[in-house]
Amino acid sequence: KLDKTLLAILLVYVLILAFAVRNPPHTDETTHSLVGLFMRDLARDLLANPTLSFNKIYNYALSYSTYYPHLSLHYPPLPQMFFATAYSLFGASLIVSRLVILAMSAVMAVVVYYFAFNVFKDKSVATIATLIVATSPIVVSLSVLAMQEIPFILFFTLAMMWFYRIKESPVIKNYLILSLLIVLAILSKWQAITILPVMLIYVL
């Protein structure tokens with residue numbers, strides 16, 4: 001159940017982002033969006049013509065890059081998988097991929113609120129933490145661009161919150177959830193691998 005203050009912050013936050021979602025395209029986000037389009041088309045073609053041949057999939061990617069030379073497949077795939085799913089439901093466009101990031105940014109604000117509340121047990125502190133994130137210029141600007149950073153921050157913060165919760169409830173289920181969240185963070189942006197030494201140092 002969302003706190004009423006948090007709900008009000010989220011409403012204003014999403015409305016402000018919605019007005020900014022039609023800003024001019026950024027070079028990097030067109031690259032990420034194109035990878036999402038590739039994933040959608042690859043999934044459709046695999047469903048229509050199933051294959052276990054790596055060579056066929058590799059050749060498909062090569063022929064795809066002939067039509068779309070800007071295709072870059074060295075990025076971690078999770079944000080682009082979200083884009084591909086959204087494209088399948090709502091059609092492929094830069095606005096759709098930006099709305100995916102906007103939604104993830106709103107979820108991130110909720111995660112920050114409950115993480116702060118779990119640590120300090122104080123709604124005022126949780127509200128201030130959420131406002132700091134929601135008014136951060138870098139967060140606001142990245143929340144309307146189809147890029148990796150917001151999914152990375154979301155899953156990184158979720159992993160850290162779950163790591164904190166394990167202190168109170170060190171059961172196998174929580175360790176499995178933490179492992180999944182770490183994997184999702186790394187699959188959002190490779191730099192998330194730094195979460196492992198942070199946790200190791202904390203445990204030591």
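**Questions about a ten-helix model**

Mentor: Lysine 121 is exposed, and glutamate 168 is exposed too. Keep in mind that this is a predicted model, with local features needing pLDDT of at least 70 and side-chain atom pairs counting only at pLDDT 80 or more, while totals for chains, interfaces and linings use all residues. Residues are numbered from 1 along each chain as its sequence is written, and side-chain values use heavy atoms, with hydrogens and water left out.

Trainee: What makes a residue exposed or buried?

Mentor: Under 20% relative accessible area is buried, over 50% is exposed, and in between is partly exposed, with a 1.4 Å probe and protein chains only. Across the protein, 44% of the 204 residues count as buried.

Trainee: How do you know that lysine 121 and glutamate 168 meet in a salt bridge?

Mentor: We need a side-chain nitrogen of Lys or Arg within 4 Å of a carboxyl oxygen of Asp or Glu. For lysine 121 and glutamate 168, N to O is 4.0 Å, so the pair makes the cut. It links distant parts of the chain, 47 residues apart: lysine 121 is in the loop between H5 and helix H6 (123-134), and glutamate 168 is in the loop between helix H8 (149-166) and helix H9 (172-188).

Trainee: What lets side chains pair up like that?

Mentor: Opposite charges can pair when the charged atoms come close. A search of the whole structure turns up five salt bridges.

Trainee: Which distance goes with arginine 98 and glutamate 29?

Mentor: Their salt bridge is 2.4 Å, N to O. Arginine 98 sits in helix H5 (residues 94-120) and glutamate 29 in helix H2, 69 residues apart, so to speak of distant parts of the chain is fair. Both residues are buried.

Trainee: Why is lysine 189 called buried?

Mentor: Its relative accessible area is 15%, so it falls under the limit for buried. Glutamate 149 comes out at 19%, so it counts as buried as well. These two side chains meet in a salt bridge of 3.0 Å, N to O. Lysine 189 lies in the loop between H9 and helix H10 (195-203) and glutamate 149 in helix H8, so the pair ties together parts 40 residues apart in sequence.

Trainee: What makes a stretch a helix here?

Mentor: Helices are DSSP runs of H or I, at least four residues, strands are runs of E, at least two, and both are numbered from the N terminus. By that count the protein has ten helices and zero strands.

Trainee: Why is H2 called oblique to H3?

Mentor: The axes of helix H2 (residues 27-48) and helix H3 (residues 54-67) come within 12 Å and cross at roughly 135 degrees. That makes H2 oblique to H3. Axes are lines fitted to C-alpha atoms, for helices over the stretch in contact, with angles from 0 to 180 degrees between N-to-C directions. Under 35 degrees is roughly parallel, over 145 roughly antiparallel, 65 to 115 roughly perpendicular, and the rest oblique.

Trainee: How do you place leucine 15?

Mentor: Its relative accessible area is 47%, between the two limits, so leucine 15 is partly exposed. Leucine 15 belongs to helix H1 (residues 4-20).

Trainee: And proline 197, how is it classed?

Mentor: Proline 197 has 42%, so it is partly exposed as well. It is found in helix H10.
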